[in-house]
Amino acid sequence: AHVLHRNQALTCLSLKSTGLGPHGVTAIAPALGECNGLQRLNLAHNRMKAEGAKALAGVPWGMFAVLQYLEVQDNQFGATGVRRLAEALAPAARMRLAHVRMGGNSVGSRRDGEKVKNDVRRALGQCITQW
């Protein structure tokens with residue numbers, strides 16, 4: 001996490017399948033907020049659960065003027081975590097965020113899952129590229 005603090009040169013970061021889990025993402029989330037030069041961020045397949053979604057929702061995504069791609073699929077966020085993260089990402093979605101991959105996050109039954117997807121689409125618009 002210390003390496004990430006105020007790293008303006010970092011444009012792409014992939015921590016895919018690194019076993020971050022909820023504690024790891026909670027540790028790096030504040031530092032991510034200082035990497036506002038990021039264009040691509042991949043945090044997929046890390047079993048972050050609802051606690052990890054909450055930590056990511058605390059990142060000031062609106063500060064990311066150049067973030068275009070975010071991958072957070074298959075992290076077991078649950079319905080509440082997915083909604084919370086989508087709401088937090090909304091300011092970035094109105095700027096340059098073009099692609100968000102958020103599928104495979106255990107959002108519940110088919111009917112409940114459709115409700116969650118609709119809520120996320122309202123928050124993020126056309127950014128959602130994979131469920």
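This report describes the nonpolar core of a predicted model and the helices and loop residue that contribute to it.

## The nonpolar core

The largest nonpolar core of the predicted model comprises 38 residues, and those with the most contacts inside it are Leu-32, Leu-38, Leu-41, Leu-56, Trp-61, Met-102 and Leu-124. At least two residues of this core are supplied by each of helix H1 (21–32), helix H2 (49–57), helix H3 (78–93) and helix H4 (110–124). H3 provides the largest share of the core, with seven residues.

## Helix H1

The end C-alpha atoms of H1 are 16 Å apart, which agrees with the 16 Å that its twelve residues should span at 1.5 Å a residue. Buried residues in H1 are Gly-21, Pro-22, Gly-24, Val-25, Ile-28, Ala-29, Ala-31 and Leu-32. The buried residues of this helix pack against strand S1 (12–14), strand S2 (40–42) and H2.

## Helix H2 and its packing on H3

Within H2, the buried residues are Gly-52, Ala-53, Ala-55, Leu-56 and Ala-57, and the buried residues of this helix pack against H1 and H3. Leu-56, one of the core residues with the most contacts, touches Val-25, Leu-32, Leu-43, Met-48, Trp-61, Val-72, Phe-77 and Leu-85 when its neighbours within four places in sequence are left aside.

The axes of H2 and H3 are 8 Å apart and meet at an angle of about 10°; because angles under 35 degrees count as roughly parallel, H2 is described as roughly parallel to H3. On the H2 side the contact is made by Ala-53, Lys-54, Leu-56 and Ala-57, and on the H3 side by Gly-81, Arg-84, Leu-85 and Ala-88. By character, the residues of the contact of H2 with H3 divide into five nonpolar, one polar and two charged.

## Trp-61 in the loop after H2

Trp-61 is located in the loop between H2 and strand S3 (69–71), and it counts as buried because its relative accessibility is 1%, where the cut-off for buried is under 20%. Leaving aside neighbours within four places in sequence, the residues in contact with Trp-61 are Leu-41, Leu-56, Leu-67, Leu-70, Leu-85, Ala-88, Leu-89 and Ala-92. Among these partners, Leu-85 and Ala-88 also take part in the contact of H2 with H3, and Leu-56 and Leu-41 are listed with Trp-61 among the core residues with the most contacts.

Trp-61 and Asp-74 are separated by 13 residues in sequence, and their C-alpha atoms are 20 Å apart in space.

Terms used: Residues are numbered from 1 along each chain as its sequence is written. This is a predicted model: local features need pLDDT of at least 70, side-chain atom pairs count only at pLDDT 80 or more; totals for chains, interfaces and linings use all residues. Side-chain values use heavy atoms; hydrogens and water are left out. A nonpolar core is a set of buried Ala, Val, Leu, Ile, Met, Phe, Trp, Tyr and Cys residues joined through side-chain atoms within 4.5 Å. Buried means under 20% relative accessible area, exposed over 50%, partly exposed in between (1.4 Å probe, protein chains only). Helices (H or I, at least four residues) and strands (E, at least two) are DSSP runs, numbered from the N terminus. Contact means heavy atoms within 4.5 Å. Axes are lines fitted to C-alpha atoms, for helices over the stretch in contact, and angles run from 0 to 180 degrees between N-to-C directions. Angles under 35 degrees count as roughly parallel, over 145 as roughly antiparallel, 65 to 115 as roughly perpendicular and the rest as oblique. Ala, Val, Leu, Ile, Met, Phe, Trp, Tyr, Cys and Pro count as nonpolar, Asp, Glu, Lys and Arg as charged, and the others, Gly among them, as polar. The expected span of a helix is 1.5 Å times one less than its number of residues.
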